[in-house]
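Subject: Structure handover and findings

Hello,

Here is the structure we discussed. Please load it first, then read my notes below.

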Amino acid sequence: MTEFGTEPSFRSYLQIMRQRKWWVSSITVLGLAVSLVFSLTAHKQYSATAQLLVQPSINASALNGGQEQPVTQTDVQTELQLVTSAPVQQAVRARLKRTPTVSASEVGQTNVMAITAINAVPSQAALIANLYANAFVQYRQTVATQSLTTAEAQLRSQISSIGQQVKSLGHNATSAEGSALLNQEAVLKEQLAQMQVSGATDTGDVMLVTPAQAPVSPSSPKPVQDALIGLAVG
């Protein structure tokens, strides 16, 4: 035993453990046993993951004069928040008659998002993950189409306004002011044509790259991992 007020040494700790070895062994075995019982009796859960790629939007490039805007980490984080937005959940509910929960995360420091669903049935986990992924892709395509339609309407309005101004100039349409207006009109018409071409090929700024597959082994419980944790705690 160490004297009162003195710092216990490693040897004194060993002596205490030898004196109480049965207590230490019993508690360790108890922690191991409890963790194994919990792990072996818990219901199995399976996780399935679908992966989406966040890419530069063709519509955004058209609006910026054909210059492609790179995807930033802020863009990816924004998309992650929208995965479980109301329109996406409504689309999933329409198929399943319920709204299961999923988690969305960034894969490393990339533009890839992972949508993970957990369920007691492997095929259901994959179905839920894929439903969310496809619903989100469809939602982003709808938003991109609406944005393009609004931008095209604004350009047509500007082109019409310039045409009215040129018409009001009459014989002075060839003046410096008229030439400037005609040049501006030509630029806007070119942007409109580019938007129309982009709209025919744009698939939105999110693409499904890896559909979820039904897992063959449960994600939880994990008997070996749980046993090691119980042993350490014990």
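Side chains alternate along β1 in this predicted model. Y46, A48, A50, L52 and V54 point to one face and are buried. S47, T49, Q51 and L53 point to the other face and are not buried.

β1 has two strand partners. Eight bridges pair β1 with β3, in the antiparallel sense. Within that pairing, A50 has I115 of β3 as its bridge partner. Strand β4 (residues 206-210) also pairs with β1, again antiparallel, over four bridges. There, M207 in β4 stands opposite L53.

β3 pairs with β2 as well. Strand β2 (residues 102-106) runs antiparallel to β3, and five bridges join them. S103 stands opposite T116 in β3. The hairpin of β2 and β3 has five residues between the strands. In that hairpin, G108 takes a positive phi near 60 degrees.

Now the overall layout. The chain holds eight helices and four strands. Read from the N terminus on, the order is α-α-β-α-α-α-β-β-α-α-β-α. Of its 234 residues, 30% count as buried. Contacts are mostly long-range in sequence: among those between residues at least 6 apart, 79% join residues at least 24 apart. The chain exposes about 14900 Å², and carbon and sulfur atoms supply 58% of that area.

Check confidence before you set anything up. The average pLDDT of the chain is 79, and 68% of the residues score at least 70. By element, β3 has the highest mean, at 96. The lowest mean belongs to α3, at 54.

Next, the nonpolar cores. Which residues have the most contacts inside the largest one? They are L52, M113, I115, Y132 and F136, in a core of 26 residues. β1 (46-54), α4 (73-82), α5 (86-96), β3 (112-119) and α6 each supply at least two residues of this core. The largest share, 10 residues, comes from α6. Apart from this core lies another, of 11 residues. Among them are A151, V166, L169 and L181.

M113 deserves a look on screen. Leaving out residues up to four places away in sequence, M113 touches A50, Q51, L52, V54, V76, E79, L80, V83, S105, V107 and F136.

α5 has a clear inner side. V88, V92 and L96 are buried in α5. Seen down the axis of α5, its buried residues fall within an arc of 55 degrees, so they line one face of the helix. The general geometry is simple: an α-helix has 3.6 residues a turn, so residues three or four places apart point the same way. The buried residues of α5 pack against α4 and α6.

K97 comes just after α5. The loop between α5 and β2 holds K97. Its phi is near 65 degrees, a positive value in a residue other than glycine. Is K97 buried or exposed? K97 has a relative accessible area of 69%, so it counts as exposed.

Two further sites are worth a stop.

- E152: this residue lies in helix α6 (residues 122-169). Why does E152 count as buried? Its relative accessible area is 13%, and buried means under 20%. Not counting residues up to four places away in sequence, E152 touches L192, M195 and Q196.
- T72: this residue sits in the loop between α3 (58-63) and α4. T72 counts as partly exposed, because its relative accessibility is 35%, between the cut-offs of 20% and 50%. T72 and N111 are 39 residues apart along the chain. Their C-alpha atoms are separated by 8.2 Å.

Best regards

Notes. Residues are numbered from 1 along each chain as its sequence is written. This is a predicted model: local features need pLDDT of at least 70, side-chain atom pairs count only at pLDDT 80 or more; totals for chains, interfaces and linings use all residues. Side-chain values use heavy atoms; hydrogens and water are left out. Buried means under 20% relative accessible area, exposed over 50%, partly exposed in between (1.4 Å probe, protein chains only). Contact means heavy atoms within 4.5 Å. A nonpolar core is a set of buried Ala, Val, Leu, Ile, Met, Phe, Trp, Tyr and Cys residues joined through side-chain atoms within 4.5 Å. The arc is that of the directions from the helix axis to the C-beta atoms. Two strands pair if DSSP finds at least two bridges between them. Accessible areas come from the Shrake-Rupley method with a 1.4 Å probe; for residues, only the protein chains shown count as cover. pLDDT is the predictor's confidence in each residue, from 0 to 100.
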